[in-house]
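Me: Please take a close look at one part of this predicted model, the helical packing at the start of the chain. Then set it beside what the rest of the structure offers.

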Amino acid sequence: MEERINDIVAECTAGIDAAVSVKELTDCKVKFLGKNGALTGILRNLKELNEQQRPLAGKLVNEARSLLETRFDARFRFLKEEELNRKLQAEKIDITITPHIREVGSLHPLNAVRRKIESFFISMGFSVYDGPEIETDYYNFEALNIPADHPAREMQDSFFITKNILLRSQTSAGQIRTMEKVKPPIKMISPGRTYRSDDLDATHSPMFHQIEGLVVDKGITMCDLKGILEMFAQHFFGQGTKIRFRPSYFPFTEPSVEVDVTCHNCHGAGCRICKGTGWIEVLGAGMVNRKVLEGCGIDPDEYTGFAFGMGLDRIAIIMSGLDFKAIFENDIRFLKQFK
Ligand code: DAH
């Protein structure tokens, strides 16, 4: 009996030492100490022994059990700790690793310029109108006092889709659409894409952006135009910026002007950016031609108005010192500079 118990203890101890996982150790415990285990089997057979042998055998079994349980406990603790260590090692976070820096996006310089211009005019009570990029000849030319054989059409080499439909060559088309719909007083700006048949180079692009402005009300004069453009120039190009009007010609305005601002770089002294003149041309403007008002059903004896149009890309280029190609190539290294 004693021998049998010693064998079980030896066998079980070998099993304990051989177990390399908690699972294996649990299986081993069941095998030797479980309800149907080897040691429990001896207890069950005690009744076959005589009265003298029985207490001794019971004592031996209990001693063996408690010895083995101590060994199991020790091995359990050891294996659990080992498992935990393995897990900790696998999940280790290396805080010295170079972090993955998240790139923060930025507005494209054109959008930044557009938003700044829009926010100024919105603050002055203008509403923003969005017109179609595919226009009819009527809105793009005819209603703006540029009839079919008018030489002014030559100024804008347009992309015609059919005889009467084209990609708009100027946001001025939006003036007509607005005046047809809205009764004066009108105060609106209309930003958007425009198209002309030019090759892409430093100063030209077949697609570019303009912002149109239109004010129509009773008693509007050229002074109002000058006043608002002066305020705009100071808001956009900085305090102290001056503007000047030069006589010009646009069929839809009479009189028409071209508007220069003092160079933001040299403040009028003359530099490379303003080609030594101290001035930079930024927009075209004028008093809305009577014929245009009439064509939209607005009485030119009762109402007058002014209009202006500026190239967004031109302004973005002036401010950034880059060119059309850089603006449209969308090279991230260039765009990043405008955060
Ligand atoms: N549409 C003109 C252009 O593309 C710019 C312009 C000039 C717009 C005078 C106007 C204006 O509204 O009054 O060259």
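Reply: Helices here are DSSP runs of H or I with at least four residues, numbered from the N terminus. V9 lies within one of these runs, helix α1, which covers residues 2-18. As the model is predicted, local features are taken only where pLDDT is at least 70.

V9 has a relative accessibility of 12%. The cut-off for buried is under 20%, so V9 counts as buried. Once its neighbours within four places in sequence are left aside, V9 is in contact with A64, L67, L68 and R71. Those four partners fall in the range of helix α4, residues 53-90. On a wider scale, V9 and F338 are separated by 329 residues in sequence, and their C-alpha atoms by 79 Å in space.

Helix α4 also meets helix α2, residues 22-33; the two axes come within 10 Å and cross at roughly 170°. An angle over 145 degrees counts as roughly antiparallel, and α2 is therefore roughly antiparallel to α4. On the α2 side the contact is made by V22, L25, T26, C28, K29 and L33. On the α4 side it is made by R65, L68, E69, F72, R75, F76, L79, K80 and E83. By class, these residues are eight nonpolar, one polar and six charged. L68 thus appears both in the contact with α2 and among the partners of V9.

Two salt bridges lie within α4 itself. Side chains of opposite charge can pair when their charged atoms come close. E63 is bridged to K59, with 3.6 Å between the closest N and O atoms. The two are four residues apart in α4, which means a separation of about one helical turn. E63 is partly exposed, at 44% relative accessibility. Further along, E82 forms a salt bridge with R86, the closest N and O atoms being 3.5 Å apart. E82 and R86 are likewise four residues apart in α4, so about one helical turn separates them. Both ends are partly exposed: E82 at 32% relative accessibility and R86 at 47%.

Elsewhere in the chain, the salt bridge between E135 and R177 brings the closest N and O atoms to 2.7 Å. This pair links distant parts of the chain, 42 residues apart, with E135 in strand β2 (residues 134-136) and R177 in helix α7 (residues 173-181). E135 is buried at 1% relative accessibility, whereas R177 is partly exposed at 21%. R244, R246, E258, D260 and E281 are joined into one network by salt bridges that share partners. The salt-bridge count comes to 14.

A second helix contact gives another crossing angle. The axes of α5 (residues 109-123) and α10 (residues 312-320) come within 9 Å and cross at roughly 110°, so these helices are roughly perpendicular to each other. L110, V113, R114 and I117 of α5 meet L312, D313, I315 and A316 of α10. That contact has six nonpolar, no polar and two charged residues.

Among the strands, β5 (residues 207-217) has nine of its 11 residues buried and is therefore largely enclosed by the rest of the structure. β5 pairs with β4 (residues 186-195) in the antiparallel sense over 10 bridges, where M188 stands opposite L214. β5 also pairs with β9 (residues 304-311), antiparallel over eight bridges, and there V216 has G305 as its bridge partner.

Note on methods: Residues numbered from 1 in each chain as written. Predicted model: local features only at pLDDT ≥ 70, side-chain atom pairs only at ≥ 80, totals over all residues. Heavy atoms only, no water. Axes fitted to C-alpha atoms, helices over the stretch in contact; angles between N-to-C directions. Parallel < 35°, antiparallel > 145°, perpendicular 65-115°, else oblique. Contact = heavy atoms within 4.5 Å. Nonpolar A, V, L, I, M, F, W, Y, C, P; charged D, E, K, R; others polar. Buried < 20%, exposed > 50% of the residue type's maximum accessible area, 1.4 Å probe, protein only. Pairing = 2+ DSSP bridges. Salt bridge = Lys/Arg side-chain N within 4 Å of Asp/Glu carboxyl O.
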